[in-house]
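Biologist: I am new to this structure and would like a close look at a single part, the chain that is written first. Could you take me through how that chain is built, and then set it beside its partner?

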Amino acid sequence: MPWQHITLMSLALPVLAEPMLFELQIKDHLFHPSVLYVPAGEKIKLLVLNQDPSPEEFESFSLNREKVILGNSKATLFIGPLQPGRYQFFGEYNPDSAQGVLIALPEAQWQQHRADNAN
Amino acid sequence: MRLFPSLLYIVSGALTLLVSGHSLADGRVVDKVYHPYVQALERSIEYRYFYQRQADHPDNNTMGQKLGYGFSVAERAALEIYLIADRVSPEDYKLSGYELELRWMLTEQGQYSADWGMLFELERQNNQDNYEFTTGLLMEKEFGPTSLTLNALAVYEWGKTLNSEWEAEFRAQYRYRWRPAIQPAIELYVGENYKGAGPSLMGVHKFDKQKQLKWELAVIMAIDNDTVDRTLRFALEYEF
C-alpha cells in the first residue's frame, strides 16, 4: 500500500465527539463579547451571529481561521484544540472597531471560570 | 456530512494509487498547491510564473505565465478564469490557452480531522483544439502552527495533437505559519516525467480592510534523473 494511501486513510477518520458550543455576536461592527474564554485542549464550535446588515469577516492568524458572515446572518467555525493562551481576532471589514480576543484556559482555570460564572 | 470522510477516503485512495503508478502527462506539474477553502464575497486577480532550467534537458528554458480573475459564486464555490502564456523551446513565447477553474469547499475548516475541497479545471490550448480537464481532491490538515496541504489530481487530455489519456498529479505543501508576511514551507510535486521537491516561502500583506496581497516563491529541484533540475515558481494574488 503506497504511503500516500495510508496517510490519507488516517486523515479521513471523522471526529465523533460533539464540540462545546460558544456564541459570538457582531453588532454595530463590534464583537460581543470581545473577550471569550474557552477550554484549552479541546475542539470548540463557535457560532458567530452577524446582527449588522453589512457583511463581516472573522479573521485570526493565530487561530488560522477566516470566515465571511453575511449581513443579518450566522456562520459556524470549528476551532482547536488550542494550547492555553490568548488568540487575537478581528473583523476584516471593520478592523478598527471589530476586535476581540479568545482566551484558552487550562483545565483547572476553565473549571474555576465556569464555577465563577455559574454563581 | 459524516459520509464525506468515507467517500473522500475511497476517491483519494484511488487517486493516490493512480499517482503512484506510471504517468504519461504532457502538462506542467509545478503549479499552485491549492487550499480547500473558499470565502464568500472573495474576488482576486492572480499572476503565476514558472521557469525551468537544466542544460541539455528537453524542458530547459521553459517558461509559463498565468493571469487570472477569480470570484466566489456561492458561499462554498469560487470560479477563476485564466489566460495562459508559455514558452516551450524551441518555440517562441506565446499566448497558449485559456482555463476555467472551479474550487468547491466540501467541509468547514476544522470540523473534521482534515478539511476537504475539490478542484475542477478545463483548459483549452489556443489554435490546436486541444483540451485538458483536471479534477481532484484538496486536503488540508493543521498540526499546531503548521499546515499540511495535499492535492491529488486526475487529468484527462484530448484533442487534435494530443493522445487522449488519463494522467495523475500529486502536490504537497507543508507550511509553518510563522507570521502572516513570512511562512516557510516545503513542497513536493509528482506527475508526468516529473518528481521534484524544494523549499518555498509565502505570505500575505494586508492593505486596507479586505484588500490584501498574497505571494508565493518556490525553488523545486529534481529528485530523479528524468526531471528537469530546477524549477522556479512565483505567484502573486491580490484579493479585494
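Modeller: Before anything is counted, a word on terms: helices, of at least four residues, and strands, of at least two, are DSSP runs numbered from the N terminus. What you see is a predicted model, and it scores ipTM 0.83 and pTM 0.87.

On those terms, the secondary structure of chain A amounts to two helices and nine strands. If you follow chain A along its sequence, the pattern reads α-β-β-β-β-β-β-β-β-β-α. Of the 119 residues in chain A, 29% are buried. When the contacts in chain A between residues at least 6 apart in sequence are taken together, 60% of them join residues at least 24 apart.

Within chain A, five strands form an open sheet, in the order β3-β9-β8-β5-β6, and their pairing is mixed. At its edges are β3 (35-39) and β6 (65-69) of chain A, each of which pairs on one side only. From one strand to the next in this sheet, the twist averages 20°.

Strand β5(A) is a good place to look more closely. On one side, β5 of chain A, residues 56-60, pairs with strand β8 of chain A, residues 85-91, in the antiparallel sense and over two bridges; there E59(A) stands opposite F90(A) in β8(A). β5(A) is also joined to β6(A), with which it runs antiparallel, by five bridges, and here the bridge partner of E56(A) is I69(A) in β6(A). The hairpin of β5(A) and β6(A) has four residues between the strands, and in it N64(A) takes a positive phi near 55°.

Helix α2(A) offers a simple check of geometry. It covers residues 107-118 of chain A, and because a helix is expected to rise 1.5 Å a residue, its twelve residues should span 16 Å, which agrees with the 16 Å that separates its end C-alpha atoms. This helix is hardly covered, since the count of buried residues among the twelve residues of α2(A) is zero.

Now for the partner. Chain B holds a closed barrel of twelve strands, running from β1 through β2, β3, β4, β5, β6, β7, β8, β9, β10 and β11 to β12, with antiparallel pairing. In this barrel, too, the twist averages 20° from one strand to the next. One of its pairings is between β5 of chain B, residues 115-125, and β6(B), which are antiparallel over eleven bridges, and R124(B) stands opposite Y131(B) in β6(B).

The nonpolar interior can be followed in the same way. The largest nonpolar core has 23 residues, and M139(B) and Y189(B) are those with the most contacts inside it. Two or more residues are given to this core by each of β6 (130-143), β7 (146-159), β8 (162-176), β9 (183-191) and β11 (211-222) of chain B, and the largest share, four residues, comes from β7(B). Apart from this core lies another, of 19 residues, which brings us back to chain A, for I26(A), V38(A), I79(A) and Y87(A) are among its members. In soluble globular proteins, nonpolar side chains tend to be buried together.

A last point concerns confidence. The mean pLDDT of chain B is 89, with 89% of its residues at 70 or more. Over residues 14-27 of chain B, however, the pLDDT is below 50, although this stretch has 40 contacts in the model beyond near neighbours in sequence.

Technical notes. Residues are numbered from 1 along each chain as its sequence is written. Chains are lettered from A and ligands numbered from 1 in the order in which they are written. This is a predicted model: local features need pLDDT of at least 70, side-chain atom pairs count only at pLDDT 80 or more; totals for chains, interfaces and linings use all residues. A nonpolar core is a set of buried Ala, Val, Leu, Ile, Met, Phe, Trp, Tyr and Cys residues joined through C-beta atoms within 7 Å. A residue is buried if 20 or more other C-beta atoms lie within 10 Å of its own, exposed if 12 or fewer, and partly exposed in between; C-beta atoms are placed from the backbone. Two strands pair if DSSP finds at least two bridges between them. Axes are lines fitted to C-alpha atoms, for helices over the stretch in contact, and angles run from 0 to 180 degrees between N-to-C directions. The expected span of a helix is 1.5 Å times one less than its number of residues. pLDDT is the predictor's confidence in each residue, from 0 to 100. Two residues are in contact if their C-beta atoms, placed from the backbone, lie within 7 Å.
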